[in-house]
Amino acid sequence: MLESVGALTSSPWIYAVVALSVLLDVFLPLLPSGVLVITAATAAAAGSTTVAGAGAAEQVTEVPSLLALILCAATASVLGDLVAYRLAWRGGERLDRAIARSRRLTSAQERLGAALARGGGILVIIARFAPAGRSVVSLGAGAAHREVKEFLPWSALAGVAWAGYSVGLGYFGGQWLGATWVGTAVSVLALFMAGALAAYLMRRPAAEAAAAASATASTAS
C-alpha cells in the first residue's frame with residue numbers, strides 16, 4: 001500500500017488522479033480528493049531524493065510540482081462546479097422536486113441567491129471547504145438559475161483558495177513534521193477542522209434567521 005502511494009506521487013499520473021478526484025467529488029463527496037492533494041504536496045516537501053544501493057546506480061525519485069498541483073486541483077474544482085451547475089440548471093421537474101424536499105438544498109438555494117444578488121458570494125468560498133458544501137451550493141445555484149457570471153468568479157476563487165490551502169497544508173506539514181504519514185495525518189486533520197468550521201459558518205446564518213423568524217412570530221402573537 002505505502003509503495004503504491006509512493007509510486008503514484010512520484011509519477012506524472014498523480015496530476016490526472018488528483019484532477020479526476022477533485023472533478024468528481026462534487027457528485028461523490030466521499031472521494032478523498034483533499035487527502036490526495038495533501039499527500040502529493042507532502043511528497044513534494046521531501047524534495048527529490050537520491051537512493052543508492054550497494055553497487056547499484058543512483059536512482060532519483062521525482063516529486064510533484066506544487067504549482068502544477070494547485071492548478072490541477074483548482075481547475076478541476078471549477079469544472080466540477082460548472083458541470084453540477086449546468087446539470088441542475090437543466091434538471092427539470094424531477095430535480096426541482098428533489099431540491100424542494102431537501103431543507104438543506106432549499107435553504108442554501110435561498111441564501112446563495114440573496115448573497116449573489118448583493119454581489120457577495122463569500123458563501124461559495126466557505127462552502128468549498130465544508131463537507132458536501134460544494135455540491136449543495138453548485139446544485140443550488142444551477143437550480144435557482146443564477147447567472148453564470150454571478151457564480152463562476154466565486155467558484156474560481158473558491159477553487160484556488162481550497163487548492164492553495166490543501167497544498168500548503170501538505171507542503172508545510174511535510175516541512176515541519178517530515179514527509180511521513182504523521183505529517184500527512186496532521187495536515188489532513190487541519191483540513192477536516194477547516195471543513196468543520198466552514199460547515200458551522202454555513203449553518204449559522206440559517207439558525208439565526210430561524211431564531212429571528214421565531215421571535216417575530218412570538219411578538220406578533
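In this predicted model, G178 adopts a positive phi of about 90° just after helix α9. Helix α9 itself covers residues 148–177, 30 residues in total. From first C-alpha to last, α9 reaches 42 Å. That is close to the 44 Å expected at 1.5 Å a residue.

Several residues of α9 are buried. They are F151, S155, A158, G159, W162, A163, S166, V167, L169, G170, G173 and G174. An α-helix has 3.6 residues a turn, so residues three or four places apart point the same way. The buried set includes F151, S155, A158 and W162. It also includes G159, A163, S166 and G170.

Aromatic contacts come next. The structure holds five aromatic pairs. One of them joins Y85 and F151, whose rings are stacked. Their centres lie 5.3 Å apart, with 10° between the planes. This pair links distant parts of the chain. Y85 belongs to helix α4 (residues 66–89) and F151 to helix α9, 66 residues apart. Y85 and F151 are both buried. A second pair, Y171 and F172, has a ring-centre distance of 5.4 Å. The planes of Y171 and F172 stand at 80°, so this pair is edge-to-face; planes over 60 degrees apart count as such. Y171 is partly exposed, with a relative accessible area of 24%. F172 is also partly exposed, at 43%. Both values fall between the 20% limit for buried and the 50% limit for exposed.

Y85 and F151 also join W89 in one aromatic cluster. The ring of W89 carries a charge above it: the charged end of R86 sits over this ring, 5.5 Å from its centre. A similar arrangement involves W162, one of the buried residues of α9. Here R128 lies over the face of W162, at 4.0 Å from the ring centre.

R128 also takes part in a helix–helix contact, between α7 and α8. Helix α7 spans residues 122–129 and helix α8 residues 133–143. The two pack at an angle of about 145°, with their axes 6 Å apart. On the α7 side, the contact is made by V124, A127 and R128. On the α8 side, G133, R134 and V137 contribute. By residue class, this contact divides into three nonpolar, one polar and two charged residues. R128 thus appears both in the contact with α8 and over the ring of W162.

How values were computed. Residues numbered from 1 in each chain as written. Predicted model: local features only at pLDDT ≥ 70, side-chain atom pairs only at ≥ 80, totals over all residues. Heavy atoms only, no water. Helix = DSSP H or I, 4+ residues; strand = E, 2+ residues; numbered from the N terminus. Expected span 1.5 Å × (residues − 1). Buried < 20%, exposed > 50% of the residue type's maximum accessible area, 1.4 Å probe, protein only. Axes fitted to C-alpha atoms, helices over the stretch in contact; angles between N-to-C directions. Contact = heavy atoms within 4.5 Å. Nonpolar A, V, L, I, M, F, W, Y, C, P; charged D, E, K, R; others polar. Phe/Tyr/Trp six-rings, centres within 6.5 Å; stacked < 30°, edge-to-face > 60°. Lys NZ or Arg CZ within 6 Å of the ring centre and 35° of its normal.
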